[in-house]
Amino acid sequence: VLTESILLSLAAGALGLILALWGVDALSARLPAYMDLLRPIEVDGRALAFTLAVSIAAGILFGLAPALRSSKGGVHEALKSAGSPAGMSPARSRFLKAVMVCEISLAVVLTVSGGLLIKSFAGLFAVNLGFRTENLLTMQVELPWPRYKEAERRTAFYQHLLTDIGSLPGVESAGAVDMLPMSNNYSGGGFTIEGRAAPDRWPKMSAQYLTATPSYFRAAGIPLRRGRLFTDQDVPGSPAVILINDTMARRFWPNEDPIGQRIRRGKRVLTIVGMVGDVRHNGPDKDTGPQFYLPHAQQPSGTMYLAVRAAAEPLKLAAAVRLEIRGMEREALVTRVQTMERSLSDSVAGPRVLTVLLGSFAGFALVLAALGLYGVIAYSVSQRTHELGVRIALGAGRGDVLKLVLGEALALALAGITIGMAGAFAATRLLSSLLYRVAARDPSVFATVPVLLALVVLVASYIPARRAAAVEPLAALRCE
């Protein structure tokens with residue numbers, strides 16, 4: 001008996017290993033390249049040894065009790081009980097029911113946790129990022145420094161490049177910025193507002209600042225709220241200007257018009273000429289802070305991100321854009337060629353992986369609970385054939401037997417759901433830091449999961465319940 005149990009467990013472990021190999025490949029394909037290079041996910045020797053150890057331990061643990069029980073009985077008692085209608089012993093029945101309650105409870109905890117993460121992850125993509133991600137091709141261009149030491153050369157290069165790219169077929173607009181949204185880059189610094197005393201304690205006035213070309217805002221789809229955008233007249237020698245975002249305007253000029261206000265950074269005095277919408281530069285789950293933009297011509301950078309708005313299929317323009325860059329500067333380094341939608345996807349890779357994993361575990365837990373409940377109910381029906389036959393012979397209807405079996409299954413489910421909900425209330429506290437705009441005890445998730453589990457229980461127990469209701473009294477009592 002013990003050998004049979006271990007063999008079954010080893011077979012299950014082998015099947016689980018096959019599923020794991022498939023799952024790891026599927027998961028790795030969804031990871032951004034930098035995460036896979038940081039720590040490759042693979043089924044190595046340690047994972048194989050762990051699977052073997054767990055399989056053997058499970059076979060011994062769950063096979064030892066029936067093996068010991070079967071070895072204690074004598075031949076006389078075994079032959080005497082053969083064909084007996086006594087059915088399943090109360091101790092065995094209680095054990096199976098306890099196992100099912102535990103399995104349903106764990107399924108509830110995993111399903112609630114997975115539901116919270118799925119709702120949180122869906123909320124990330126419902127956030128207004130402040131720009132349009134669709135049909136936007138991006139790439140980083142780095143100019144060779146020795147040839148572009150002069151600021152005028154850097155400015156002229158990007159002006160001519162964006163003009164040429166904008167004339168390509170299929171290109172709606174093209175711009176450049178030194179720090180693209182979702183690129184995990186950040187530059188910030190303090191400033192003072194002209195006419196106001198500088199704060200003598202923290203928090204100081206500070207903001208994230210970026211350098212952008214005039215056409216960047218149209219290409220990225222960043223809306224203008226007030227004032228004007230940059231123009232070709234914002235060049236060295238003209239008044240230094242900036243654009244600020246909504247958050248900066250609300251925080252530092254809550255009750256006045258920021259247009260025309262001036263800030264000081266070091267020795268430079270910058271005049272606010274426009275206000276644009278907030279952009280979530282650091283990811284959809286990060287709140288937007290104060291930001292302002294400097295015109296590229298007044299603070300030219302040699303390394304910029306291109307943002308090319310395409311009419312359709314942005315990646316098809318990559319070769320043509322590269323060709324334009326090479327035509328102007330063969331030594332320019334072009335990297336990070338991808339769509340903005342891919343950048344957004346990579347920025348939420350961590351939450352996505354966690355959601356997929358826990359959601360998969362929750363799905364497997366539901367399947368296991370359904371299979372386990374089906375097995376317990378089917379086994380119970382087979383052991384109670386005599387009892388059910390007597391009930392039907394004494395006048396019980398088929399519907400009564402169906403209700404009896406389904407009622408017992410729902411009683412197990414109710415006990416498991418009750419315990420599981422209590423466990424979920426405690427376990428979801430650990431997820432609170434991973435959730436975005438979703439409460440750890442979200443009412444919709446906690447209300448949906450019990451209903452879902454109850455439906456799974458009804459479906460899993462319906463087939464054995466129908467089999468019980470179809471028992472013929474004569475066949476059931478023939479063994480008497």
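**Exercise 1. Find which residues Arg 280 touches, leaving out those up to four places away in sequence, and decide whether Arg 280 is buried or exposed.**

Solution. This is a predicted model, so keep in mind that you are reading a prediction.

Step 1: List the contacts. Arg 280 touches Val 127, Asn 128, Leu 129, Pro 181, Met 182, Lys 286, Asp 287, Thr 288, Tyr 436 and Arg 437.

Step 2: Locate the residue. Arg 280 sits in the loop that runs between β9 (268-276) and β10 (291-295).

Step 3: Look for a polar partner. A polar atom of the Arg 280 side chain lies 3.3 Å from the backbone oxygen of Pro 284.

Step 4: Judge the exposure. The cut-off for buried is under 20% relative accessible area. Arg 280 has 11% relative accessibility, so it counts as buried.

**Exercise 2. Where does Arg 437, one of the contacts of Arg 280, lie, and what is its phi?**

Solution. Step 1: Place it on the chain. Arg 437 belongs to the loop between α13 (398-427) and α14 (443-469).

Step 2: Check the backbone. Its phi is near 55°, which is a positive value in a residue other than glycine.

Step 3: Check the surface. Exposed means over 50%. Because its relative accessibility is 64%, Arg 437 counts as exposed. Its contact partner Arg 280 is buried.

**Exercise 3. Describe the backbone, place and exposure of Asn 135.**

Solution. Step 1: Start with phi. Asn 135 is not a glycine, yet it has a positive phi of about 55°.

Step 2: Find its segment. You will meet Asn 135 in the loop between α5 (90-125) and β1 (136-142).

Step 3: Classify it. Asn 135 counts as partly exposed because its relative accessibility is 27%.

**Exercise 4. Which residues do two helix residues, Thr 51 and Ser 461, touch beyond four places in sequence?**

Solution. Step 1: Take Thr 51. This residue lies in helix α3 (residues 45-72), and it touches Gly 13 and Leu 17.

Step 2: Add a distance. Thr 51 and Leu 17 are 34 residues apart along the chain, and their C-alpha atoms are separated by 7.5 Å.

Step 3: Read the exposure of Thr 51. With 23% relative accessibility, Thr 51 counts as partly exposed.

Step 4: Turn to Ser 461. This residue is part of helix α14, where it is in contact with Ile 377, Leu 406 and Ala 409.

Step 5: Read the exposure of Ser 461. Its relative accessibility is 0%, so Ser 461 counts as buried.

**Exercise 5. How does the radius of gyration of the protein chain compare with that of a compact globule of 480 residues?**

Solution. Step 1: Count the elements. The chain has 15 helices and 12 strands.

Step 2: Compare the radii. A compact globule of 480 residues would have a radius of gyration near 23 Å, whereas this chain has 34 Å.

Step 3: Look at the extents. The C-alpha trace spans about 110 × 50 × 45 Å along its principal axes.

Step 4: Consider burial and contacts. Buried residues account for 41% of the 480 residues. Of the contacts between residues at least 6 apart in sequence, 81% join residues at least 24 apart.

Step 5: Finish with surface and charge. The accessible surface is about 25,700 Å², and carbon and sulfur atoms hold 62% of it. The chain carries 49 positive and 36 negative side chains, with the centres of the two sets 5 Å apart.

Definitions and conventions:
Residues are numbered from 1 along each chain as its sequence is written. This is a predicted model: local features need pLDDT of at least 70, side-chain atom pairs count only at pLDDT 80 or more; totals for chains, interfaces and linings use all residues. Side-chain values use heavy atoms; hydrogens and water are left out. Helices (H or I, at least four residues) and strands (E, at least two) are DSSP runs, numbered from the N terminus. The radius of gyration is taken over C-alpha atoms; the globule rule is 2.2 Å times the number of residues to the power 0.38. Buried means under 20% relative accessible area, exposed over 50%, partly exposed in between (1.4 Å probe, protein chains only). Contact means heavy atoms within 4.5 Å. Accessible areas come from the Shrake-Rupley method with a 1.4 Å probe; for residues, only the protein chains shown count as cover. Lys and Arg count as positive and Asp and Glu as negative; His and the chain ends are not counted. The place of a charge is taken as NZ of Lys, CZ of Arg, CG of Asp or CD of Glu. A polar contact is a pair of N or O atoms within 3.5 Å; within protein, one must be able to donate a hydrogen and the other to accept it, and residues adjacent in sequence count only if both atoms are side-chain atoms.
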